[in-house]
Amino acid sequence: MGISNIWVFSQESNGTATSGTLELLTHARTLGGGVTAFVGGDASAIAGILGEYGATKVYATGDLGGALPGSAVASAMKAVIDGGDSPDLILFPQNYEGRDVMSRLSVKVDRTVLTNNVAVAVDGDTVTVTTPVFGGNTLVSTSFSGSAPYLASFRPKSFAAESASGAEAEVVAAPVPDLGSTGGATVTAVHVEESTGPKLDEADVVVSGGRGLGESDKFSMVDDLAKILNGAAGASRAIVDAGWVPYSMQVGQTGKVVKPNVYIAAGISGATQHMVGMKGAKNIIAINKDAEAPIFGVADLGIIGDVHKVLPKLIEALEGRG
Amino acid sequence: MKVIVCVKQIPDPALPGELDPSTNTLKRDGKLILDESDSYGVEMALQLVDAAGGGEVALVSMAPNDEMSGMRTALAMGAAQGLLVSDSALAGSDALTTAKVLAAAVQRLGGADLVLAGTESSDGYTGTVPEQMAEALGLPSVTFAKKVTVDGSTLKVDRQTEAGYDEVTCPLPALVSVTAGVVEPRYPSFKGIMAAKSKPVETVTAADLGVTPVGWEGSGQTVASVEQAPAREAGTIIEDDGESFGKIVEYLETIKVI
């Protein structure tokens, strides 16, 4: 039988499919069988790119009208499954929407979920996913037992995205059924935190600050350095929790996972939950006063020093180059 | 107002985690403490009950070996009572089973206007149990709440998003998962710690709650392998002598970033 029907929970951002969606579609193509995209919302703007990246069909709920996606999209998925199109495997992105939809669906179809994965392999009927634990030092591979559908979520940048030059996919309506008591949550206003420069999880250069900066004002050094290098500024959980910078800048297990060409960690000790978010960077530069800081275990260039002394000189030197 | 808070009791995160080699699951036989993520839920519940003019905060937890020390911490903060599900049959349970067990526990306590949980546990971080519980309970839910207020029978929540946050309304009863930092958790007072010793915590098994199958049998998964990840090796580490910034500039030049 094998795995022949794979769904990818697909998302839109700024008029096109998210990079996470394209990554999952690309990998789904390699697992054998047909790939279907499932969109919570109106898919007309992205049917083209979803098809290009390998989806042969797109289910779309249509505009959710402000309803939170968890119950709405999971219910729409369940209706399609009950209607006879039951996938063997559903790939979800490890983000807010993906988690919520997958969670609700798992209860509706009474199937387990495996989350935070970085790989998936199919061998006949067996689907095995791999997740890093203990700060990424240990990889645990788990196989689904029992019958399909298998529900799994994946960390950003687990796979590379590559066009299949496929044709635009057919969009099939998958309306949201009556949600009964579960559907009451509604978005009444959307707030976007202003940020200039490249997006944190897409930037080639990321400069991150941590508690070693001392006080929230000093984060401006991180901002300045990021700007000069045309990069994005990031933060450790410690300073996000302390309210110095918004959560959208958090890098780590419970923040964003970044894989830039260069990651500069200023005043960050390297708690395992932070390292999970940046260990994949090609080049890591760390500045920290503490010679024992775990971040030095992964840094390509480590400076044992005071960020208040090193950063200003570094910024000045870079500014001087014009 | 009655708020039920889900609390997890986990191995102390300050200690390195370990897998039990015979089962490849997290070892949970040492000291267990209240997951910091859940201290935010407990504090949020106490504040909401206070703002509503009174009521009760109750706890549910699933833990091995009748462990309740983490629950005592939450009781010391001000929760009134708890229901602990402890059962050796639950060993190896997955998130879905955990959600079903906790949902059954919430129903057994009864009367919740609001159910609170953290967004993910600090040891397992599967991150799905709260939303799975909401589905099992037939409740609407708002996850990743960074701010929560109750206005009569309506919740107003600021919900974290990738780009910032959304304002969300939701009717009660509902389930909400809260992010770290949503409120500042109080330190239990000495009086609170003393009082917690005599607050009631009922212990039940999965069978008492009618949840089956549980444990390994109900988990829908088997661990195939555990491997060490290829280690990233450290490069050059130098002490700042005032000129180390130059080394950074050099490095950036070498990799052609500047």
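Student: To begin with a single residue, which one is the bridge partner of I287(A) in β18(A)?

Tutor: The bridge partner of I287(A) in β18(A) is I303(A). To read such a pair, one looks next at the strands that hold the two residues. Here, in this predicted model, strand β17 (residues 283-288) of chain A and strand β18 (residues 301-304) of chain A are joined by 4 bridges and pair in the parallel sense.

Student: How should I read a whole sheet, and in what order do the strands of the open sheet of 6 strands stand?

Tutor: One names the strands from one edge to the other. The order is β15(A)-β14(A)-β16(A)-β17(A)-β18(A)-β15(B), and the pairing is parallel. At the edges stand β15 (232-235) of chain A and β15 of chain B; each has a single partner strand, so one side of each lacks a neighbour in the sheet. Neighbouring strands of this sheet are turned against each other by 15° on average, direction ignored.

Student: Which helices lie across strands of chain A, and at what angles do they run?

Tutor: For a helix, one asks which strands lie beneath the helix and how the two directions compare. Helix α5 (residues 219-228) of chain A lies across β14 (205-209), β15 and β16 (262-266) of chain A, and runs at about 175° to β14(A). Another helix, α8(B), lies across β17 and β18 of chain A together with β15 of chain B, at about 170° to β18(A).

Student: What is the order of the open sheet of 4 strands, and how do its strands pair?

Tutor: The approach is again to follow the order and then the sense of pairing. This sheet reads β8(A)-β9(A)-β10(A)-β14(B), with antiparallel pairing. Its edges are β8 (119-123) of chain A and β14 (221-228) of chain B; each has a single partner strand, so one side of each is without a neighbour in the sheet. On average, neighbouring strands here are turned by 25° against each other, direction ignored. Within the sheet, strand β9 (residues 126-133) of chain A and strand β10 (residues 138-144) of chain A form 6 bridges in the antiparallel sense, and V133(A) stands opposite T138(A) in β10(A).

Student: Is strand β11 (residues 150-154) of chain A enclosed or open to its surroundings?

Tutor: One examines burial residue by residue. In strand β11 of chain A, 5 of the 5 residues are buried, so the strand is largely enclosed by the rest of the structure. Y150(A), A152(A) and F154(A) point one way from β11(A), L151(A) and S153(A) point the other way, and all are buried. The partners of β11(A) include strand β6 (residues 89-93) of chain A, which pairs with β11(A) in the parallel sense over 5 bridges; L89(A) stands opposite Y150(A) there. Strand β7 (residues 113-117) of chain A also pairs with β11(A) in the parallel sense, over 3 bridges, and N117(A) stands opposite F154(A).

Student: How does one read a nonpolar core, and how many residues has the largest one?

Tutor: In soluble globular proteins, nonpolar side chains tend to be buried together. The largest nonpolar core in this model has 129 residues, and those with the most contacts inside it include L50(A), V58(A), V5(B) and V176(B). Its largest share, 9 residues, comes from helix α3 (residues 95-109) of chain B. A second, separate core of 52 residues includes A226(A), A265(A), V310(A) and I248(B).

Student: With which residues is L50(A) in contact, leaving aside its neighbours within four places in sequence?

Tutor: Such a list shows where a residue meets other parts of the sequence. For L50(A), the contacts beyond those neighbours are S10(A), A17(A), L25(A), A37(A), A55(A), V58(A) and A169(A).

Student: Into which domains is chain A divided?

Tutor: One reads the bounds, then the contact between the parts. Chain A has domain 1 (5-182) and domain 2 (205-320). Their centres, taken over C-alpha atoms, are separated by 33 Å. The contact takes 7 residues from domain 1 of chain A and 8 residues from domain 2 of chain A. On the domain 1 side there are 3 nonpolar, 2 polar and 2 charged residues.

Student: Finally, how many residues does each chain give to the contact between chain A and chain B?

Tutor: For a contact between chains, one counts each side and then considers its classes. This contact takes 63 residues from chain B and 76 residues from chain A. The side of chain B that touches chain A has 28 nonpolar, 23 polar and 12 charged residues. Strands also pair between the chains: 6 bridges join strand β13 (residues 186-192) of chain A to β11(B) in antiparallel fashion, with V187(A) opposite V168(B).

Note on methods
Residues numbered from 1 in each chain as written. Chains lettered and ligands numbered in written order. Predicted model: local features only at pLDDT ≥ 70, side-chain atom pairs only at ≥ 80, totals over all residues. Core = buried A, V, L, I, M, F, W, Y, C linked by C-beta atoms within 7 Å. Buried ≥ 20, exposed ≤ 12 C-beta atoms within 10 Å, placed from the backbone. Pairing = 2+ DSSP bridges. Axes fitted to C-alpha atoms, helices over the stretch in contact; angles between N-to-C directions. Domains from an automatic or database assignment. Nonpolar A, V, L, I, M, F, W, Y, C, P; charged D, E, K, R; others polar.
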